[in-house]
Amino acid sequence: MTLDARPQVRHRTVTVRGHEVYYREAGPADAPVLLLLHGFPSSSHMFRDLIPLLADRYRVLAPDHLGFGRSAAPADFTWTFDELAALTEEFTQQLGLKKFALYIQDYGSPIGLRLALAHPDRVTAIITQNGNAYEEGLGAQAWAPVRALIAERTPQTEAPVREISSPEGIRWQYLHGVPPEHRDLVSPDAYEHDAALMARPGQSEIQLGLISDYGSNFALYPAFQEYFRTSQVPLLAVWGAGDEIFVPAGALAFRRDLPGAEVHLLPTGHFALETHAGQIAALTRDFLERHLTG
């Protein structure tokens with residue numbers, strides 16, 4: 001790819017259920033679609049390096065979930081994963097997406113897999129980058145305060161979870177599990193960008209609402225796994241091996257229900273694109289070229 005041919009990324013918005021949803025788009029309008037769904041506490045900003053590396057061959061779309069990034073954060077929205085998935089489905093319908101491959105990370109996993117459960121015929125392939133669907137993928141220490149909040153929401157259980165959205169908590173999410181020789185590849189712009197957006201008024205309650213609802217994702221793990229077994233959807237797992245939030249056992253578990261799943265553990269942490277965007281793009285391109293059907 002020459003510099004002149006490098007795909008341009010367009011920054012757009014669409015109104016879904018009366019709410020403004022921001023998204024990034026690149027690639028030919030008639031190319032196979034790849035839908036990128038980000039995680040907490042980030043936004044489509046996490047895909048800034050990946051999109052240009054894929055958009056010469058694919059129509060790449062990356063929305064900011066409602067409440068994140070540049071999308072609206074309405075006070076009257078019901079902050080659950082079911083509602084975010086329903087809104088994301090409407091987003092795909094408004095953009096006329098009939099079939100698409102999913103790239104899912106963190107929160108993007110339960111949102112994207114809900115789309116797959118509702119319309120398995122629309123999902124052509126899945127790339128999961130630290131996007132979990134198995135109990136064994138949950139790091140015990142990282143999830144202890146979240147499990148306590150799910151069990152009972154009180155000021156005492158809220159306090160440690162609020163710290164997850166603090167500047168230091170966000171910085172930790174980006175840097176933990178990254179080997180010393182790779183740490184200078186993680187741009188401070190990434191975690192400072194997220195921290196600034198998480199500091200906006202109303203964000204604390206939005207994020208507490210979603211984290212309180214995370215138990216609904218645990219409850220769907222058996223349904224997600226049954227979907228894998230029934231559909232045998234092509235799946236690529238590219239996973240930060242040092243991730244303490246979604247540990248490598250979660251990546252390896254996909255092979256239990258999808259024997260053909262391709263699993264790559266990379267020497268990095270939760271936000272693997274910060275250090276390994278080129279390698280992940282190469283793995284994704286190879287995978288999609290072999291499996292994407294349109």
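In this predicted model, helix α7 spans residues 188–198, and His-193 sits within that helix. How accessible is His-193? Its relative accessibility comes out at 26%, so His-193 counts as partly exposed, given that the partly exposed class runs between 20% and 50%. Once neighbours within four places in sequence are set aside, His-193 is in contact with Ser-43 and His-45. Gly-260 is another matter: 67 residues separate His-193 and Gly-260 along the chain, and their C-alpha atoms are 37 Å apart.

A second histidine, His-276, turns up in helix α11, which covers residues 273–291. Here the relative accessibility is 8%, so His-276 counts as buried, the cut-off for that label being under 20%. Leaving out residues up to four places away in sequence, His-276 touches another histidine, His-182, along with Leu-266, Pro-267 and Thr-268.

Then there is the pairing of helices α5 and α8. Helix α5 takes in residues 155–164 and helix α8 residues 203–212, and their axes come within 10 Å of each other. Those axes cross at roughly 110°. Because angles of 65 to 115 degrees fall in the perpendicular class, α5 and α8 are roughly perpendicular to each other. Which residues meet where α5 and α8 come together? On the α5 side they are Glu-158, Val-161 and Arg-162, while α8 brings Ser-204, Glu-205, Leu-208 and Ile-211. The contact is a mixed one, with three nonpolar residues, three charged and one polar.

Note on methods: Residues are numbered from 1 along each chain as its sequence is written. This is a predicted model: local features need pLDDT of at least 70, side-chain atom pairs count only at pLDDT 80 or more; totals for chains, interfaces and linings use all residues. Side-chain values use heavy atoms; hydrogens and water are left out. Axes are lines fitted to C-alpha atoms, for helices over the stretch in contact, and angles run from 0 to 180 degrees between N-to-C directions. Helices (H or I, at least four residues) and strands (E, at least two) are DSSP runs, numbered from the N terminus. Angles under 35 degrees count as roughly parallel, over 145 as roughly antiparallel, 65 to 115 as roughly perpendicular and the rest as oblique. Contact means heavy atoms within 4.5 Å. Ala, Val, Leu, Ile, Met, Phe, Trp, Tyr, Cys and Pro count as nonpolar, Asp, Glu, Lys and Arg as charged, and the others, Gly among them, as polar. Buried means under 20% relative accessible area, exposed over 50%, partly exposed in between (1.4 Å probe, protein chains only).
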